[in-house]
Amino acid sequence: MKGLVVKNTGSWYTVRTADGQLIDCKIKGNFRLKGIRSTNPVAVGDHVQIILNQEGTAFICAIDDRKNYIIRKSTNLSKQSHIIAANVDQAVLIVTVNHPATNTTFIDRFLASAEAYRIPVVLVFNKSDLLTGDELHYQQLMMDLYRHIGYDCLAVSAKQGEGIGDLQQRMEGKISVLSGNSGVGKSTLINRLVPGTNLRTAGISDAHDKGMHTTTFSEMVPLPEGGYLIDTPGIKGFGTFDMQPEELTGYFKEIFLYSAGCRFSNCTHTHEPGCAVLDALEKQLIAPSRYQSYLSMLDDKDENKYREAF
């Protein structure tokens with residue numbers, strides 16, 4: 001029997017079959033994906049084969065080939081990955097300029113990972129209603145930066161409902177994975193997008209102005225206007241996984257663009273003579289924050305570097 005994984009609680013998977021049944025499933029003990037060292041070999045969005053048992057539950061025995069998936073380094077086992085979602089049309093990354101502040105390094109790492117797996121990204125800047133004049137100006141500068149690179153950006157207020165219509169249009173008819181740091185208002189946003197969902201929301205830790213986790217599992221939720229969103233637990237860090245240094249240039253759109261002019265084909269864009277990327281950086285054609293993110297990912301040989309929150 002075939003079905004779609006619509007929920008993952010860590011130990012159980014909920015699979016929806018073609019006739020609409022929801023069946024709780026487990027993975028056979030020896031089930032592993034070839035070539036992927038993952039803490040969760042099955043992810044929400046996977047199309048799977050299941051075998052029913054007498055208890056009314058089932059075992060997942062096979063996974064269909066994936067169109068794509070988005071992945072991050074496991075926070076518990078640094079040599080393994082964690083698959084966030086599979087077979088998605090786009091990723092919607094929720095970020096906040098303040099309350100809490102989303103680090104640009106986190107944004108750039110997420111974007112690079114999405115580029116590696118050919119997943120388009122919409123950047124959604126939430127909590128615009130809470131920002132001061134200076135913070136709104138900074139938010140606009142960030143949006144201008146990422147739009148110039150080629151990313152779609154939206155400013156919204158999930159609490160006030162501002163900008164939600166524009167986001168709904170971008171998600172209509174698509175499978176979108178929602179992600180972001182803890183505390184950026186993802187649950188509030190989903191409650192706006194899917195009335196009646198009533199996901200639990202939490203405030204920000206007063207001590208550190210950081211988010212507190214409210215989602216502890218991944219789930220696929222149907223959208224009223226068609227399509228699905230995949231809700232994922234808040235991410236505190238985004239360590240990259242299995243990216244080779246020589247591939248990294250291709251995951252930063254603007255660095256890849258200028259790298260065509262480098263004197264050496266194996267240029268790392270750090271010190272080489274005739275480096276067109278360093279020249280573009282000096283001419284302010286590449287944002288220093290983006291270049292610093294590129295350097296930090298080149299330096300990812302330290303397996304433990306990004307286990308903690310940014």
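## Strands around E12

In what sense do strand E1 and strand E12 pair, and over how many bridges? They run antiparallel, with two bridges joining E1 (residues 2–8) to E12 (residues 218–222). Keep in mind that this is a predicted model. Within this pairing, Lys-7 sits opposite Glu-219 of E12.

E12 also pairs with strand E13 (residues 228–231), again in the antiparallel sense, this time over four bridges. Glu-219 turns up here too: its bridge partner in E13 is Asp-231. E12 and E13 make a hairpin with five residues between them. In the turn you'll find Gly-226, whose phi is positive at about 100 degrees.

## From E13 to helix H4

Asp-231 has a second role to look at, since its side chain meets that of Lys-186 in a salt bridge, 2.9 Å from N to O. This pair links distant parts of the chain: Lys-186 belongs to helix H4 (residues 186–193) and Asp-231 to strand E13, 45 residues apart.

Are the two partners buried or exposed? Lys-186 has a relative accessible area of 6%, so it counts as buried. Asp-231 comes in at 5%, so it is buried as well.

## Arg-290 and its partners

The structure holds nine salt bridges. One of them joins Arg-290 to Asp-108, with the closest N and O atoms 2.9 Å apart. Arg-290 is in helix H8 (residues 288–298) and Asp-108 is in helix H1 (residues 104–116), so this contact ties together parts that are 182 residues apart in sequence. Both Arg-290 and Asp-108 are buried.

There's a further member here: Glu-254 is linked with Asp-108 and Arg-290 in a network of salt bridges. As a reminder of the chemistry, side chains of opposite charge can pair when their charged atoms come close.

## Asp-279 and Lys-283

Another salt bridge brings together the side chains of Asp-279 and Lys-283, at 3.1 Å from N to O. How exposed is each partner? Asp-279 has a relative accessible area of 35%, which means it is partly exposed. Lys-283 reaches 54%; the cut-off for exposed is over 50%, so Lys-283 is exposed.

Put that beside the other pairs if you're browsing the model: Lys-186 is buried, Asp-231 is buried, and so are Arg-290 and Asp-108, whereas Lys-283 is exposed.

Terms used. Residues are numbered from 1 along each chain as its sequence is written. This is a predicted model: local features need pLDDT of at least 70, side-chain atom pairs count only at pLDDT 80 or more; totals for chains, interfaces and linings use all residues. Side-chain values use heavy atoms; hydrogens and water are left out. Two strands pair if DSSP finds at least two bridges between them. A salt bridge is a side-chain nitrogen of Lys or Arg within 4 Å of a carboxyl oxygen of Asp or Glu. Buried means under 20% relative accessible area, exposed over 50%, partly exposed in between (1.4 Å probe, protein chains only).
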